[in-house]
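Student: I have not met this structure before, and I would like to work through it slowly. Could you show it to me and then take my questions one at a time?

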Amino acid sequence: MSWNPPKLSSSAVEQPCGRNEQCSGEFKMKLIKRIPFQIFILVLLAGFAGIGGMLIMQHHISEISKNYEQIIGRSLQDRLDMSELQNLIYRHQTIVSWHTFSDSKESKAAYKEEADGLESLIMETLDEINANVSGSEKEQLFHKVYSDAVGYFQNAENVFKLSGEGNTATAEYYIISSMSKFINSINANAAIMDEYIDGEMNATREKMESTITAAGISEIVCSMAIVIVMAVCLILCVRITSNLENYKNRLEIDNEKKTREIMERNRKMLAIQESTIIGMANLIESRDHDTGEHVKRTSVYVELLAKAAQRDGYLPEILNDRYVELTVKAAPLHDIGKITVSDSILQKPGKLTEEEFERMKTHTTAGGRIVGEVLGNIEDREYIEIASRVAAAHHEKWNGSGYPLGLRGDEIPLCARIMAVADVFDALVSKRCYKEQMPVDKAFDIIKESGGTHFDPELARLFVSIRSDIEKVLDE
């Protein structure tokens, strides 16, 4: 604040010097007395301005925090609802598959009743998602998901009808192609919706961080500008910033907890997928009167042989831990293509005719194709590739006399070579509709003698070398 001294009259100038000095001193004393008051007013105004600004910021932060909590809660709930929807649809598809392959009317009725209950639950879940979803993009995606779900249930009804009429082959086609197509579409749209949710959460988090930064800057500015009320401003700033940081930490902890819940749900969904795959493989094996033990035993043989080859240093550039794990997981799918072969061929007690054998051979190429269709929604492309190779090439032979392509030696994928040894050995020691069980000694002799003709010679040698481990599996 500037000060302009008063103008004195000429008479005042002509007064005695003592009088003038006294008046000037009194005037200065008045000014000095006013300065503390003016400073107090300025500081008080600055204090009010600072406190008012902090209160406004606190209110703004409170509103942002509430919005952040609502957005995070709504977004995580959308994720949980979509995850639950996918889980329920996979369960429904499994029940439809069991209904198709069941021979008992009572079982079919029970599966149909369970499927109807799941359908009602799925539609309720869709209604809940519809009530909560917001944003034009997510609404459009939801309508696509809803349309796909309706299409899926229409195809499911066709499957139940065909299965009830005994038309199993056509019902199986609907399960593998049409129903899987709608499920894949639902998964794809769910993934896109998840990206929108991530975008909303990231944008909100950035706004929170920007607000925290603004609060820190205000703390510094207020501390420098308002010396007298520095303590008050500092306490307010520290308190607000600290509370905001604590609130953010609490929300992050809650976010992590809910994220773990989502991950657990996804883990369970993957477990359901694997159970469905193994269940389908067992159902296919049961068509030629196998109990499903073939799937379990061959998977164990594959794991024992693959790990033995890995320990022996065989093809280390390929046979790493990841490759072994995926090969073992793919083993149950090696004969999935048999779903396309008629029961009259699979269950024939005698030798197949040339025409029947040619039809049987098609289960390899069909298996590779079906793996791609059934597992098309799984993001692990390496697993799909290995599973497809196992299904398509496990009947290829080292000398090139196998099928379907007549591959020779290293042209045959390593995973298929491992599967071939495990598959043939279990077929030899197991009783089938077209042959009796072979003694274990003779089966091992055949594996040993077929190294270099039917099998990869190194894998045949390693399989014989772990005979004690193999026999433990047979004894269980």
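What follows is a set of questions and answers on the predicted model shown above.

Student: How many helices and how many strands does the secondary structure of the chain come to?
Tutor: This is a predicted model, and its chain has 476 residues, of which 42% count as buried. Among contacts between residues at least 6 apart in sequence, 73% join residues at least 24 apart. The secondary structure assigned to this chain comes to 15 helices and 0 strands.

Student: What is the mean pLDDT of the chain, and where is the pLDDT below 50?
Tutor: The mean pLDDT is 80, and 75% of the residues reach 70 or more. A stretch with pLDDT below 50 has 7 contacts in the model beyond its near neighbours in sequence. That stretch is residues 1-19.

Student: What is the accessible surface of the chain, and what share of it belongs to carbon and sulfur atoms?
Tutor: The total for the chain comes to about 25,500 Å². The part of this surface that belongs to carbon and sulfur atoms is 55%.

Student: Which residues form a nonpolar patch on the surface with about 290 Å² of accessible area together?
Tutor: One member of the patch is L45, which lies in helix α2, residues 17-101. L45 counts as exposed because its relative accessibility is 51%, and the cut-off for exposed is over 50%. The patch with about 290 Å² of accessible area is formed by I41, L45 and F48.

Student: How far apart are the end C-alpha atoms of helix α4, and why does that agree with its number of residues?
Tutor: Helix α4 covers residues 136-164, which makes 29 residues. At 1.5 Å a residue, a helix of that number of residues should span 42 Å, so the expected span and the model agree. Just after α4, G166 takes a positive phi of about 85 degrees. The end C-alpha atoms of α4 are apart by 42 Å.

Student: How far apart in space are E139 and I129, C-alpha to C-alpha?
Tutor: E139 is found in helix α4, and it counts as partly exposed because its relative accessibility is 36%. In sequence, E139 and I129 are 10 residues apart. In space, from C-alpha to C-alpha, they are apart by 9.7 Å.

Student: Which residue forms a salt bridge with E303, and why are the two separated by about one helical turn?
Tutor: An α-helix has 3.6 residues a turn, so residues three or four places apart point the same way. E303 and its partner K307 are 4 residues apart in helix α7, and therefore they are separated by about one helical turn. E303 counts as partly exposed at 30% relative accessibility, and K307 likewise counts as partly exposed at 37%. With the closest N and O atoms 3.0 Å apart, the residue that forms a salt bridge with E303 is K307.

Student: Which helix holds both K361 and E358?
Tutor: K361 forms a salt bridge with E358, and the closest N and O atoms are 3.2 Å apart. E358 is partly exposed, with a relative accessible area of 40%. The two residues are 3 residues apart, about one turn of the helix, and both lie in helix α10.

Student: How far apart are the closest N and O atoms of R417 and D456, and are these two residues buried or exposed?
Tutor: R417 and D456 form a salt bridge, the closest N and O atoms being 2.7 Å apart. This pair links distant parts of the chain, since R417 is in helix α12 and D456 is in the loop between α13 and α14, 39 residues away in sequence. R417 has a relative accessible area of 7% and D456 one of 3%, so, with the cut-off at under 20%, both are buried.

Student: Which residues do salt bridges that share partners join into one network?
Tutor: The count of salt bridges in the model comes to 18. Salt bridges that share partners make one network, and the residues it joins are K112, D116 and E157.

Student: Which peptide bond is cis, with omega near 15 degrees?
Tutor: The bond leads into P404, whose place is in the loop between α11 and α12. With omega near 15 degrees, the cis peptide bond is the one from Y403 to P404.

Student: Which residue other than glycine has a positive phi near 45 degrees?
Tutor: The residue is found in the loop between α7, residues 293-311, and α8, residues 321-330. It counts as partly exposed because its relative accessibility is 22%. The residue with phi near 45 degrees is L315.

Technical notes: Residues are numbered from 1 along each chain as its sequence is written. This is a predicted model: local features need pLDDT of at least 70, side-chain atom pairs count only at pLDDT 80 or more; totals for chains, interfaces and linings use all residues. Side-chain values use heavy atoms; hydrogens and water are left out. The expected span of a helix is 1.5 Å times one less than its number of residues. pLDDT is the predictor's confidence in each residue, from 0 to 100. Contact means heavy atoms within 4.5 Å. Patches are made of residues with over 30% relative accessible area and no salt bridge: like charges are joined within 9 Å, nonpolar side chains (Val, Leu, Ile, Met, Phe, Trp, Tyr) within 5 Å. Accessible areas come from the Shrake-Rupley method with a 1.4 Å probe; for residues, only the protein chains shown count as cover. A salt bridge is a side-chain nitrogen of Lys or Arg within 4 Å of a carboxyl oxygen of Asp or Glu. Buried means under 20% relative accessible area, exposed over 50%, partly exposed in between (1.4 Å probe, protein chains only).
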